[in-house]
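Hi,

Here is the structure I promised to pass on. Have a look at it first, and then read my notes below.

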Amino acid sequence: MHPIAAGVSEERSHSYARTRRIVKTDDFSSVFRLRPVQRTAHFVLYARSNQLDRARLGVVAAKRFAPRAVTRNTIKRVTRELFRQSNLPAIDCIVRLSQPVNSKAGPATSSSLKATLRRELAQLLGSQTVKSPSPAPESR
């Protein structure tokens, strides 16, 4: 084993270990049965609380909305990156692409497309983050 990797915990907050993913069909189905929590121009977020001590993420990017694999992989990569950086409570989140992001004729990815995706995904995941309690106003 690599010496640096030996001391790294799999459960640290910035990891994306298998335990932080929704992988089973039943888990996806139980979250999809609920109403969407929030929508943006291209995405829908489904979420439900879980009995675990961590948040889990599932990403669905259909070929009919993103015909190129490069685009679908970019969506998944950006979503996972933002998920790792967010402070989510113990919930199961599924981010689903719901509108076409580009056509097969256009470029697979561009900096403007990535920026748009990042902005929308940050808005979705930011809506579920744990709000730190605000300090109580001081009484005089």
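**What I found**

Let's start inside the sheet: Y46 has I94 in β4 as its bridge partner. Keep in mind that this is a predicted model.

Further along, S49 is paired with I91, also in β4. Both pairs belong to the contact between β2 (residues 43–49) and β4 (residues 91–97), two antiparallel strands joined by seven bridges. As for cover, β2 is mostly tucked away, with five of its seven residues buried.

β2 has another partner, too: β1 pairs with it over two bridges, again in the antiparallel sense. Here R39 sits opposite V44 of β2. To get from β1 to β2, the chain makes a hairpin through three residues.

So how are the four strands ordered in the open sheet? The order is β1-β2-β4-β3, and the pairing is mixed. β1 (38–39) and β3 (56–60) are the edge strands; each has a single partner strand, so one side of each has no neighbour in the sheet. If you're checking side chains as you go, remember that in a regular strand they alternate between the two faces of the sheet.

Now for the surface. There is a patch of positive charge there, formed by R21, R77, R80 and K114. K114 belongs to helix α4, which covers residues 111–126. Is K114 buried or exposed? It falls in between: K114 is partly exposed, because its relative accessible area is 39%, and the partly exposed class lies between the 20% and 50% cut-offs.

Cheers

Methods. Residues numbered from 1 in each chain as written. Predicted model: local features only at pLDDT ≥ 70, side-chain atom pairs only at ≥ 80, totals over all residues. Heavy atoms only, no water. Patch = residues over 30% accessible without salt bridge, like charges linked within 9 Å, V, L, I, M, F, W, Y side chains within 5 Å. Areas by Shrake-Rupley, 256 points an atom, 1.4 Å probe, with all protein chains shown as cover. Salt bridge = Lys/Arg side-chain N within 4 Å of Asp/Glu carboxyl O. Lys, Arg positive; Asp, Glu negative; His and termini not counted. Charge placed at Lys NZ, Arg CZ, Asp CG, Glu CD. Buried < 20%, exposed > 50% of the residue type's maximum accessible area, 1.4 Å probe, protein only. Pairing = 2+ DSSP bridges.
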